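Colleague: Before I use this model, I would like to hear what each label on it rests on. Please show the structure, and I will ask.

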Amino acid sequence: MYLFLILLLLSFICNISSAFTAAYSLRLGQRRGQLLSAVLRNVFGIPLLGVSFVLAARRPAPRLFAEVVWVDTVGGLLIIAGAVLILLALVVLRGRSAAPSMTDTLARHGLYAIVRHPLYDGVFCELAGAVLLRPTWPILLSCLLTAGWLVVQARAEEHDLVQRIPGYREYMAQVPRFIPRLRR
């Protein structure tokens, strides 16, 4: 009945566990540490997150508000905007996101010159779009929990990035985490 919540929490555990590349690399060696982080995120964490959202969307539940064409349109546009942000961020990272390593370099161009976590900004957009397109309590709960988890995940990853990437601490002082500064 609440399998989607169990899988969602398991995905959070796997994803947060993937944010310790530096610690794993020190203990297991660079290659094994990189592999462990990649497996936790790409084999378990992200797929479990996707499956949990599919199950939440399929769970019978009444709509929280009436279906309105413009709300559905905004929801769809948010999902598309989120996908574009994610794609642009992944282009800059070129695989560093999928398999973080001790040899990673700092990405300071493209969207990463504006915010430190544009991938997560894209996911935030997609979460908002999902709530607008499928406004049920399972989706709303899944989206709220995932948004909260992203904040925790970003902090954990930043702790790891400070250890792995020279200059990351200075980058953190210069570039905001999620919301771009209005003036420079």
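Colleague: What is the accessible surface of the chain, and what share of it belongs to carbon and sulfur atoms?
Modeller: The model is predicted. The accessible surface is about 10200 Å², and carbon and sulfur atoms account for 71% of that.

Colleague: What makes the chain as compact as a globular protein of its length?
Modeller: The chain has 7 helices and 0 strands. Its radius of gyration is 17 Å, and the globule rule gives 16 Å for 184 residues; the two are close, so the chain counts as compact as a globular protein of that length. The C-alpha trace spans about 50 × 40 × 20 Å along its principal axes.

Colleague: What percentage of the residues is called buried, and what is the cut-off?
Modeller: Buried means under 20% relative accessible area, and 42% of the 184 residues in the chain are buried.

Colleague: Why is the largest pocket called a pocket and not a cavity?
Modeller: A pocket is an open set of points, whereas in a cavity the 1.4 Å probe fits but cannot get out. The space in the largest pocket is about 980 Å³. Its lining has 42 residues, and R41, S97, L119, Y120 and E157 are the closest to its centre.

Colleague: Which helix gives the most to that lining, and how do its residues divide into nonpolar, polar and charged?
Modeller: Helix 6 gives the most, with 8 residues. Helix 3 (30–58) and helix 4 (69–93) are among those that supply at least two residues each. The lining as a whole has 24 nonpolar, 10 polar and 8 charged residues.

Technical notes: Residues numbered from 1 in each chain as written. Predicted model: local features only at pLDDT ≥ 70, side-chain atom pairs only at ≥ 80, totals over all residues. Heavy atoms only, no water. 1 Å grid on protein atoms, 1.4 Å probe; cavity = no way out; pocket = protein on both sides within 12 Å on 5 of 7 lines; lining within 4 Å. Points joined across faces, edges and corners; volume = space filled by probe spheres on them. Helix = DSSP H or I, 4+ residues; strand = E, 2+ residues; numbered from the N terminus. Nonpolar A, V, L, I, M, F, W, Y, C, P; charged D, E, K, R; others polar. Rg over C-alpha atoms; globule rule 2.2 N^0.38 Å. Buried < 20%, exposed > 50% of the residue type's maximum accessible area, 1.4 Å probe, protein only. Areas by Shrake-Rupley, 256 points an atom, 1.4 Å probe, with all protein chains shown as cover.
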